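Thanks for making time this morning. I would like to walk you through one model, going from the packing of its helices to the overall picture, so please have the display in view while I talk.

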Amino acid sequence: MKDKNESDNLVNEAYSFAESAHSSQSSLYTGKPFITHPETVKQTLEKTLKKFDENLLNSERGKNMLAVAYLHDTIEDTTINREDISKKFGKTIADMVYELTDDTKKISEFIKNPDIPEYLL
């Protein structure tokens, strides 16, 4: 089990990673830096967990969820891939982010995988 500082560091690292990955992007709707979207998602999730399950919010699982909130668009909207996230944050977080990724990006990654038999393509 991670201690509180280590869990908080995870969330901070996820923010920094997402901010860097999205650094050249801005919101289509507001023109603000794109990172404001993942920040809003993280804040909404944090408020919801605080209201309904503060124990979950303060747990390792809760911190993983907050990290994923920051990272949820990195595979879909940047050059970051699942393996990049796995190397930096571990398989669990990478899998969670991947599940939130648009299916067209998943198909693209699937096709590029050299281990996929040709008959499946």
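**Helix packing in a predicted model**

Let me begin with helix 4 and helix 7, which are oblique to each other, because the angle between them is about 50° and an angle of that size falls outside the ranges that count as roughly parallel, roughly perpendicular or roughly antiparallel. Please keep in mind throughout that this is a predicted model. The axes of helix 4 and helix 7 lie 9 Å apart, and the crossing that the two helices make is right-handed. On the helix 4 side the residues involved are Asn64, Met65, Ala67, Val68 and Leu71, and they meet Thr92, Ile93, Met96 and Val97 in helix 7. If we sort that contact by residue class, we find seven nonpolar residues, two polar ones and no charged ones.

Helix 4 also packs against helix 2, and here I would ask you to turn the model a little. Helix 2 covers residues 36-52 and helix 4 covers residues 60-71, and the two pack at an angle of about 155° with their axes 7 Å apart. Since angles over 145 degrees count as roughly antiparallel, helix 2 and helix 4 are therefore described as roughly antiparallel to each other. Their crossing, too, is right-handed. From helix 2, the residues Pro38, Glu39, Val41, Lys42, Leu45, Glu46 and Leu49 come into contact with Met65, Leu66, Ala69 and Tyr70 of helix 4. By class, this contact comprises eight nonpolar residues and three charged ones, with no polar residue.

One residue of helix 2 deserves a moment, and that is Leu45. Which residues does Leu45 touch, once its neighbours within four places in sequence are left aside? The answer is Met65, Leu66 and Ala69. Even so, Leu45 counts as partly exposed, because its relative accessibility is 22% and buried would require a value under 20%. Leu57 sits 12 residues away from Leu45 along the chain, and the C-alpha atoms of the two are separated by 9.1 Å.

Now back to helix 4 itself, which has 12 residues and spans 16 Å from its first C-alpha to its last, close to the 16 Å expected at 1.5 Å a residue. How many of the 12 residues of helix 4 are buried? Nine are, so that the helix is mostly covered, and among these buried residues are Gly62, Lys63, Asn64, Leu66 and Tyr70.

A further pair to look at is helix 6, residues 82-89, with helix 7, residues 91-99, which pack at an angle of about 145° with their axes 7 Å apart. Helix 6 passes helix 7 in a right-handed crossing. Arg82, Ile85, Ser86 and Phe89 of helix 6 meet Lys91, Ile93, Ala94, Asp95, Val97 and Tyr98 of helix 7, and that contact divides into six nonpolar residues, one polar and three charged.

Let me finish with the whole chain. The protein has eight helices and zero strands, and 33% of its 121 residues count as buried. Finally, if we take the contacts with a separation of 6 or more, 60% of them come from residues that are 24 or more positions apart.

Methods. Residues are numbered from 1 along each chain as its sequence is written. This is a predicted model: local features need pLDDT of at least 70, side-chain atom pairs count only at pLDDT 80 or more; totals for chains, interfaces and linings use all residues. Side-chain values use heavy atoms; hydrogens and water are left out. Axes are lines fitted to C-alpha atoms, for helices over the stretch in contact, and angles run from 0 to 180 degrees between N-to-C directions. Helices (H or I, at least four residues) and strands (E, at least two) are DSSP runs, numbered from the N terminus. Angles under 35 degrees count as roughly parallel, over 145 as roughly antiparallel, 65 to 115 as roughly perpendicular and the rest as oblique. A crossing is left-handed if the near helix is turned anticlockwise from the far one by less than a right angle, and right-handed if clockwise. Contact means heavy atoms within 4.5 Å. Ala, Val, Leu, Ile, Met, Phe, Trp, Tyr, Cys and Pro count as nonpolar, Asp, Glu, Lys and Arg as charged, and the others, Gly among them, as polar. The expected span of a helix is 1.5 Å times one less than its number of residues. Buried means under 20% relative accessible area, exposed over 50%, partly exposed in between (1.4 Å probe, protein chains only).
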